[in-house]
Amino acid sequence: MRKKITILVCVLGALALTFLVTSLYRVWTRPESAFETPTPGAKTDQPHIDAASPAPSPTLSPEEALLEQADLSFMGGRINLLLLGYDQSAERDDPDDPLHRDEKNNYRSDVMMLAAVNFRDNTVHLISIPRDTYAAIYNTRGRWKINAAFAKGGAAEGEGFLYAQKTVEMLMGVPVDYYAGVNMEGLKRLVDAMGGVDYDVDVAIRLDGRTLETGFQHLNGQQVLDYCRARKGISTDIGRNDRQQRMLLAIFDQLRREKRLTELPAIYAAVKDDVVTNLSLSQIAALALFMTRLDLTNFKRTTLAGEYISNVYNASYYVLYNKKLVQLVKEEFGITITRDKKYDVSTVKRDKAAADAEKAAGQADDIASMAVLPAGLYESDTHDLVAEVYFRAERLRSVVEAGGSAAAIFEARHRLNLAVAALWREQGYPPLPDAFAMLSPG
């Protein structure tokens with residue numbers, strides 16, 4: 001048995017030696033043969049591969065997948081994207097709910113923000129337009145707050161977005177080609193689809209029986225909505241605009257830090273029934289790709305400068321400073337616009353002062369006519385006081401009719417107030433009517 005094994009080993013060794021010598025001889029005589037590939041059909045030690053089967057495609061990174069989706073031509077220069085949040089909700093759609101709006105679904109855009117996206121400079125300027133801004137509404141007569149534009153167009157079911165776009169174009173003098181809008185329910189679902197947001201809440205919010213305390217915490221969709229909606233007892237709309245901008249940037253920064261900006265198209269796809277936009281999916285992908293290159297230093301945020309003027313034109317408005325709006329548009333867009341002076345703070349203040357003055361003059365005449373005069377004594381202190389009131393009321397009317405400024409009207413009214421106060425005290429009828437409280441000259 002041992003002899004047979006020895007013979008078998010010798011035979012195998014001889015075969016191996018023969019193969020090695022033959023191979024070496026072939027390489028020595030034809031060196032290029034060492035690099036030749038086997039001819040088709042030749043037997044090799046490699047596993048058999050069916051030529052008809054395609055080779056597996058390499059797995060794309062999230063950035064590469066986003067790049068394949070993106071419309072790169074969309075990123076050529078700059079765009080202006082109008083962001084709208086409108087006050088539609090399940091409660092306001094329900095006719096039996098106390099919060100029901102009306103049968104016409106007259107929803108208004110409580111959030112109006114223009115995102116000026118500059119692809120060349122890698123910047124985004126968020127410009128908030130306060131909802132109560134006094135402005136001309138597209139295709140609509142009368143005096144309105146700008147949030148009425150969406151409703152005047154028929155809200156989301158009609159031409160609300162078109163009316164909002166055209167109204168902002170009229171206000172700022174720049175083209176607004178794109179929009180994205182979300183209602184209250186949609187905002188909640190959008191934030192929840194993103195997994196919520198970590199945020200340092202700076203002010204306690206109490207809204208509709210819900211409470212959001214201050215401090216750093218993880219917010220769900222409802223809490224983000226409450227934080228962005230609350231105003232009464234907390235701040236003016238300007239403060240609310242500031243919170244909305246900060247929340248938007250916090251969401252961006254969290255997605256950036258977690259490297260999830262590439263998921264934006266997928267997030268949109270998950271909630272597209274709650275978001276209304278004229279952006280295509282490839283354009284959304286382009287915006288997401290663009291934002292992967294940004295951080296918070298690439299963002300600028302502004303709220304249009306103005307001030308609240310109450311009880312004017314039978315309402316209260318946020319009225320813009322025309323000069324500051326012209327300056328903003330010039331600096332951001334390189335465009336010089338002309339503003340109608342009737343929408344400027346100075347004009348609205350003058351109109352308010354004039355209307356108040358007309359009322360005060362009429363009331364002063366009434367007070368003077370009711371004064372108790374001494375019988376038969378036309379040259380008395382009382383007669384002099386009554387005459388002074390009549391004179392100052394007429395003087396105030398003449399300043400208004402002459403087109404005097406708000407300051408001039410204020411000064412004339414102040415003098416009327418002094419005359420009325422003197423007569424009122426002389427007649428012994430304290431306290432002085434509210435319309436004639438002592439005003440300091442303007």
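In which sense do strand 3 and strand 12 pair, and over how many bridges? In this predicted model, the two strands pair in the parallel sense, over five bridges. One facing couple can be named: Leu 126 stands opposite Arg 301 in strand 12.

Both strands belong to an open sheet of six strands. The order across the sheet is 11-6-1-2-3-12, and the pairing is mixed. Strand 11 (275–277) and strand 12 (299–303) stand at the edges. Each has a single partner strand, so one side of each is left without a neighbour in the sheet. From one strand to the next, the twist averages 20 degrees. Strands of a sheet pair through backbone hydrogen bonds, either parallel or antiparallel.

Further pairs can be followed across the sheet. Strand 1 (residues 78–86) runs parallel to strand 6 (residues 178–183), with six bridges between them. Here Gly 85 stands opposite Val 182 of strand 6. Strand 2 and strand 3 also pair over six bridges, but in the antiparallel sense. In this pair, Val 117 faces Val 124 of strand 3. Strand 2 and strand 3 form a hairpin, with four residues between them. Asn 122 lies in the turn and has a positive phi of about 55 degrees. Most residues other than glycine have a negative phi. Strand 3 itself is mostly covered, as five of its six residues are buried.

Helices pack on this sheet. Helix 8 (residues 237–257) lies across strand 1, strand 2 (109–118), strand 3 (123–128) and strand 12. Helix 8 runs at about 165 degrees to strand 12. Helix 11 (residues 322–333) also packs on the sheet, touching strand 1, strand 2, strand 3 and strand 12. The direction of helix 11 makes about 165 degrees with that of strand 3.

Two residues illustrate burial. Val 319 is found in strand 14 (residues 315–320). Its relative accessible area is 0%, so Val 319 is buried. Which residues surround it, leaving aside neighbours within four places in sequence? Val 319 is in contact with Tyr 134, Ala 305, Gly 306, Glu 307, Ile 309, Tyr 343, Asp 344, Val 345 and Val 348. One of these contacts, Asp 344, is 25 residues away in sequence. In space, the C-alpha atoms of Val 319 and Asp 344 are 6.4 Å apart.

Thr 167 sits in a helix, namely helix 5 (residues 160–172). Thr 167 counts as buried because its relative accessibility is 0%, and the cut-off for buried is under 20%. With neighbours within four places in sequence left aside, Thr 167 is in contact with Ala 136, Ile 137, Tyr 138, Ile 146 and Ala 149.

Two loop residues are exposed rather than buried. Asn 139 is placed in the loop between strand 4 (134–135) and strand 5 (144–145). Its relative accessible area is 62%. This value is over 50%, so Asn 139 is exposed. Asn 139 is not a glycine, yet its phi is positive, at about 60 degrees. Asp 208 lies in the loop between strand 8 (205–207) and strand 9 (210–212). Asp 208 is exposed, with a relative accessible area of 52%. The phi of Asp 208 is near 50 degrees, a positive value in a residue other than glycine.

Note on methods
Residues are numbered from 1 along each chain as its sequence is written. This is a predicted model: local features need pLDDT of at least 70, side-chain atom pairs count only at pLDDT 80 or more; totals for chains, interfaces and linings use all residues. Side-chain values use heavy atoms; hydrogens and water are left out. Buried means under 20% relative accessible area, exposed over 50%, partly exposed in between (1.4 Å probe, protein chains only). Contact means heavy atoms within 4.5 Å. Two strands pair if DSSP finds at least two bridges between them. Axes are lines fitted to C-alpha atoms, for helices over the stretch in contact, and angles run from 0 to 180 degrees between N-to-C directions.
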